[in-house]
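Colleague: I would like to learn how to read sheets, ring pairs and cores in a model. Can we go through them one by one?

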Amino acid sequence: LEIHMEKPVQWDVETMVSRQPMLQLVLPGRRIFPHQKSAFRIRAQRALPANLNGKLNTVIVVEPESPVKIADTGNGTFVLNWEHSQPGEYTVRGQLLNADGSIYAETAPEKVIIDARTPYFKIDDKKRVVAGDQRIFPFGLYHVSWTLPPESRNECIDFAAANGYNAAHVSWRTGEDIAPLLKYAGDKGIWLFMEGVNLEKIAAFKDEKRILAWNIKDEPDLGNVDIGSLEKTYEQWLEVDPNHLIFTVLLFPQRFQAYGRIANLVGHDYYPILNGQNKRDISQVYANHARLRKETGDGRAPFAVLQCFGYKNGYGVPTPAEVRNMTYQAVLADTCGILFYAYNDTIFILKNNPELYQLMQELPKEINAITEFLLNGELKMLETGNEGVIAGQWTLGTKVLQIICNSTHQPVTAGVNGKKVELKALEVKVSQWTQGNK
């Protein structure tokens with residue numbers, strides 16, 4: 001198994017500077033559904049020569065004229081409220097105005113569509129997945145189904161349902177009738193992430209509520225897949241099927257912002273455990289996913305795809321303590337859900353790894369016990385005085401959840417809320433209490 005490294009890119013600096021426009025608009029999307037109408041944030045990026053700084057005002061113009069409220073919130077961010085605008089197609093452009101109101105420069109028009117349809121699965125303003133009118137925390141396993149029989153996929157769904165998972169990522173094989181799969185997953189209460197789809201398949205199942213998300217592309221950043229082409233596909237899929245989320249998994253953190261535009265459920269598959277000595281550092285799981293959350297933008301949510309596999313060469317099999325630790329790091333990073341790779345990818349088979357298999361039977365009980373906090377609580381990150389220790393505290397009414405995670409393979413001491421905390425290697429402390437009763 002080869003470990004792929006991102007190739008360095010050589011930039012022509014003079015060309016970049018000369019072509020950089022004075023004003024660019026960055027839109028969170030081009031299709032606005034009812035739940036997104038009140039807060040559509042546009043970033044206006046200015047690159048002015050020094051002699052023009054402070055002399056030009058930035059404004060946003062909507063055409064045709066519509067009762068849209070535009071608020072300048074500072075730092076180049078404008079919030080558009082479309083609640084009183086009729087469904088249809090509009091254009092948005094940015095303008096740089098002189099002091100007398102005349103136009104100094106403007107951007108090309110950007111098309112946006114006000115869509116009257118209400119999606120069944122959507123991302124809310126807290127970056128949570130919503131099914132109907134209920135927030136959910138997707139928690140499941142990958143099954144790479146391309147060459148495996150349906151019985152193997154059903155076995156994964158059985159395992160998920162029996163142990164408290166609610167989701168599975170599966171493959172739709174060419175020519176396959178997936179009606180039996182949908183019925184089987186539906187009877188077990190498992191939502192499906194589907195790979196191997198196209199516009200025709202999506203259109204045929206746009207109302208199927210057991211499908212949570214369509215996978216548009218796995219690791220497109222690794223293959224340098226054209227972003228514009230993927231954005232076009234994303235918009236086409238949303239137009240045909242507003243009811244399902246569109247999922248991707250990204251490898252490189254430095255490409256989160258660019259490739260995050262191709263989906264509204266944006267995953268990261270950081271697999272840090274390799275075979276060999278000193279190749280088990282999992283301490284960046286939190287930082288990577290916190291960055292993912294920050295860079296996904298409005299209308300999108302960060303999702304964790306965590307390592308639960310390994311091979312004889314290349315990737316190493318994680319220990320139960322490492323998988324559990326990575327899970328809580330992803331939770332502390334405020335991701336909206338977690339999938340584990342993998343239950344079965346034809347090479348790695350979970351049930352052939354007894355200790356890991358046992359953990360994966362137990363882990364959902366831990367996460368289900370705190371899901372109400374993850375969905376509806378207010379998270380505050382806590383200082384620990386130790387860069388290897390991550391701590392956060394959720395408040396939900398009078399109830400409090402606190403998680404303290406030692407992301408290192410060494411015992412450490414931390415300070416949390418003024419108290420000294422001793423942590424064993426990879427230890428995670430989870431505690432709940434009611435305010436006034438601790």
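Modeller: Keep in mind that this is a predicted model. Strands of a sheet pair through backbone hydrogen bonds, either parallel or antiparallel. Here, an open sheet of four strands has the order 1-3-6-5, and the pairing is antiparallel.

Colleague: Which strands stand at the edges of this sheet?

Modeller: Strand 1 (23-26) and strand 5 (69-74) do. Each has a single partner strand, so one side of each is left without a neighbour in the sheet. From one strand to the next, the twist averages 25°.

Colleague: How many bridges pair strand 1 with strand 3?

Modeller: Four, in the antiparallel sense, with strand 3 covering residues 40-46. L25 has A44 in strand 3 as its bridge partner.

Colleague: What is the strand order in the open sheet that contains strand 26?

Modeller: The order is 21-22-23-26, four strands with antiparallel pairing. Strand 21 (378-382) and strand 26 (428-434) are at the edges. Each of these two has a single partner strand, so one side of each lacks a neighbour in the sheet. Neighbouring strands are turned by 15° against each other on average, direction ignored.

Colleague: What packs on that sheet?

Modeller: Helix 8 (residues 320-332) does. The helix touches strand 21, strand 22, strand 23 (399-406) and strand 26. Its direction makes about 130° with that of strand 23. Within the sheet, five bridges join strand 21 to strand 22 (residues 389-396). M381 stands opposite G392 in strand 22.

Colleague: Now the rings. How many aromatic pairs are there?

Modeller: The count comes to 21 aromatic pairs. Take F309 and Y311: their ring centres are 5.2 Å apart and their planes are at 55°, so the pair is tilted.

Colleague: Are F309 and Y311 buried or exposed?

Modeller: Both F309 and Y311 are buried. Elsewhere, F137, F139, F159, Y165, F340, Y343 and Y357 form one aromatic cluster. A ring can also face a charge. The charged end of K201 sits over the ring of W172, 4.6 Å from its centre.

Colleague: And the cores? Which residues have the most contacts inside the largest nonpolar core?

Modeller: In soluble globular proteins, nonpolar side chains tend to be buried together. The largest nonpolar core here has 98 residues. L192, M194, F247, L265, F340 and M360 have the most contacts inside it. A second, separate core has 21 residues, including V68, L80, Y90 and V92. F340 links two of our topics: it belongs to the aromatic cluster and to the largest nonpolar core.

Technical notes
Residues numbered from 1 in each chain as written. Predicted model: local features only at pLDDT ≥ 70, side-chain atom pairs only at ≥ 80, totals over all residues. Heavy atoms only, no water. Pairing = 2+ DSSP bridges. Axes fitted to C-alpha atoms, helices over the stretch in contact; angles between N-to-C directions. Contact = heavy atoms within 4.5 Å. Phe/Tyr/Trp six-rings, centres within 6.5 Å; stacked < 30°, edge-to-face > 60°. Buried < 20%, exposed > 50% of the residue type's maximum accessible area, 1.4 Å probe, protein only. Lys NZ or Arg CZ within 6 Å of the ring centre and 35° of its normal. Core = buried A, V, L, I, M, F, W, Y, C linked by side-chain atoms within 4.5 Å.
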